[in-house]
Amino acid sequence: MSSLGLSLMLPLQNYWCILWRRKLTLVAVIWLLVIVAAALLAPWISPYDPLDINAMDRLLEPSMTHWFGTDNFGRDTLSRCIYGARMAIVIGLGSVLVALVGGTLIGMLSAYFSRLGHVLMRGVDVLMAFPALLLALILMTLLERSIVNTVLVIGLVYMTTTARIIFGMSLKLKGEVFVDAALCTGASHSRILLKHMLPNLWSPLLVQASFIFAFAQLQAAALDFLGLGLPPEVPSWGNMLAEARIYITRASWLLTFPGLLIILSVFSINLVGDLLRDSMDPRFKDDIAGV
Amino acid sequence: MSVFIIKRLLSLIPTLLLASMLIFLFVHLIPGDPAAVLLGDLATPEEVAALTTEMGLDEPVYLQYYYWLTHVLQGDLGTSIFFQVPVLTVIGDGAETSILLALMTMIWIITIGLPLGILAASRHGTIVDQLCSGGAMMAASVPTFWLGLYLILIFSVGLGWLPSSGFPSLTDDGGVFNLRYLILPSLALAAPNAALIIRLVRSSMLDVAREDFVRTARAKGLHPTRIAVKHVFRNALIAVVAAFGFTFAALISEAVVTETVFSLPGIGRLVVQSILRRDYPVIQGVILVIVVLYMTINLLVDLAYARLDPRVSLK
């Protein structure tokens, strides 16, 4: 494989140096690790069952027994927040996977086989004629509310943008000498695509992944809020906010905690994404002053 | 330039046609029978069947699409099943709210985003820059509906300064003062978008500042303010104009959430409500209008881009 300007990822130890200099990003990484730990250890660390309804404990303010208070069914908000971390990660990883696999396939194949590209990229154009949230909204109306459908729909929405980006980059790669060289040695199409072109796309894909992960959180929360996302019984941060809407005047904590979790997580992922993107920028070395 | 415009316009036609097919198909795949929904729970199967025939819903889908498209091309989007008035009238009723909301949001974005972006770029690397960029990234991480609910909690419920929901028309009692109903919604909608503009103005100004002609200007001994305004900002504006266009286009769909939070009688809420009511003609019409609007704005952005940067149309 020949290396192009597209892969300028730094060695791992350099990231430690940069993280040390960008303290805020370091905090963001730690926060994300906490979220991952919470998601993995949810059954052991959450003080109550997130689905346990208790009519006596309705809308209790945050206290020593219920740190984040309780909701209108008397369910413990902290426990639901902890389980919500699981949903956040499932939605994020799932959407990233769908968007990147689909988008890379469409983008690379379209660039490599130009006839097929005309058809595929036209399809992408049509889907991109719809505003992102609107497209997600219509598709979710067609499908049942479920975790898998939400992941598929959000993934599809970002598949189009990924396909566009990868298409552009693959077109450039296709014109490179090393692809011609591989063709001359008799390499098959799949070998050229997978062994020669794909490795050059890893770094932009990684950056793209971080931003899709962040956007997916906001989109999923918006869908939940409109009643078209995850099934209502699933304890996701978006669903918690959707339910809290009626009670905001009596129980503002129901709005505050899940909201802050979404904001902090999306903020942290964006910071990490910025770091990844900057590390691909050749001018990066003399410009590490930003946040 | 004119060749470029014509080319771009022509390329819209097949995309639009395919999009209209997709909209029609989507809407017809939505589970639920509009005739049954319209007649309610007490209707007999015969009544439902009769209404289905009357509405033409028993015809093959491609024929229904053909009828719909030919009517649309004549400016007739059909009749709302729920309201029993033309779809265009229903959309027109929501347009005032949505357009005013979008305009107010753009005003916030321009008055907050632009100055802060320029400030961050001109104080590059200082604490001011870090606060602006960090704040912008934080604002971009907030779900708009959450921000909307919190604004209601603080300014409507807590302080009682501003109304929390609804929007009477400007022609109703109160006149221009009715715009106060849109202050909180537009702020909630503006926050993440202003954040994008701040980041974009900052980064494109920094990009331009690295160019050779800026160094030349500096070497000539020009005043820093003059360099910032005349040389850097002017060239950075190209990217910023494009961003404004895309932001405006994005507002259309983001308004769906904001209008729902603040119960505004706009086009965004119309989308959600007509989906819930299974009002096929309205769903189709509204989505078509939004898609056409979205594509038009994107086209205008492209043209503005080509106008500001002659290299674009030459490609």
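Helix axes here are lines fitted to C-alpha atoms over the stretch in contact, with angles running from 0 to 180 degrees between N-to-C directions. The helices themselves are DSSP runs (H or I, at least four residues), numbered from the N terminus. This is a predicted model: local features need pLDDT of at least 70 and side-chain atom pairs count only at pLDDT 80 or more, while totals for chains, interfaces and linings use all residues. Residues are numbered from 1 along each chain as its sequence is written, and chains are lettered from A in the order in which they are written.

**Two helix pairs**

Here are the two crossings side by side.

| Pair | Residues | Axes come within | Crossing angle |
|---|---|---|---|
| α5(B) and α6(B) | 87-122 and 127-140 | 8 Å | roughly 140° |
| α3(A) and α4(A) | 77-112 and 114-128 | 7 Å | roughly 140° |

Let's take chain B to begin with. α5(B) and α6(B) come out oblique because of how angles are binned: under 35 degrees is roughly parallel, over 145 roughly antiparallel, 65 to 115 roughly perpendicular, and the rest oblique. Their crossing is left-handed, meaning that the near helix is turned anticlockwise from the far one by less than a right angle. B:Leu116, B:Leu119 and B:Ala120 of α5(B) meet B:Val128, B:Asp129, B:Cys132 and B:Ser133 of α6(B), where contact means C-beta atoms, placed from the backbone, within 7 Å. Sorted by class, that patch holds five nonpolar residues, one polar and one charged. Nonpolar covers Ala, Val, Leu, Ile, Met, Phe, Trp, Tyr, Cys and Pro; charged covers Asp, Glu, Lys and Arg; the others, Gly among them, are polar.

Over in chain A, α3(A) and α4(A) are oblique to each other, and their crossing is left-handed. From α3(A), A:Ile106, A:Leu109, A:Ser110 and A:Ala111 meet A:Leu116, A:Gly117, A:Leu120, A:Met121 and A:Val124 of α4(A). The class split for this contact is seven nonpolar, two polar and no charged.

**A covered helix in chain A**

α9(A), residues 202-225, has its end C-alpha atoms 34 Å apart, which agrees with the 34 Å that its 24 residues should span at 1.5 Å a residue; the expected span is 1.5 Å times one less than the number of residues. Of those 24 residues, 18 are buried (20 or more other C-beta atoms within 10 Å of a residue's own). Just after α9(A), A:Gly227 takes a positive phi of about 80°.

**Where the chains touch**

Chain B puts 40 residues into the contact and chain A puts in 34. On the chain B side, α10(B) gives the largest share, eight residues. By class, that side has 30 nonpolar, nine polar and one charged.

Technical notes
Helix = DSSP H or I, 4+ residues; strand = E, 2+ residues; numbered from the N terminus. Contact = placed C-beta atoms within 7 Å. Buried ≥ 20, exposed ≤ 12 C-beta atoms within 10 Å, placed from the backbone.
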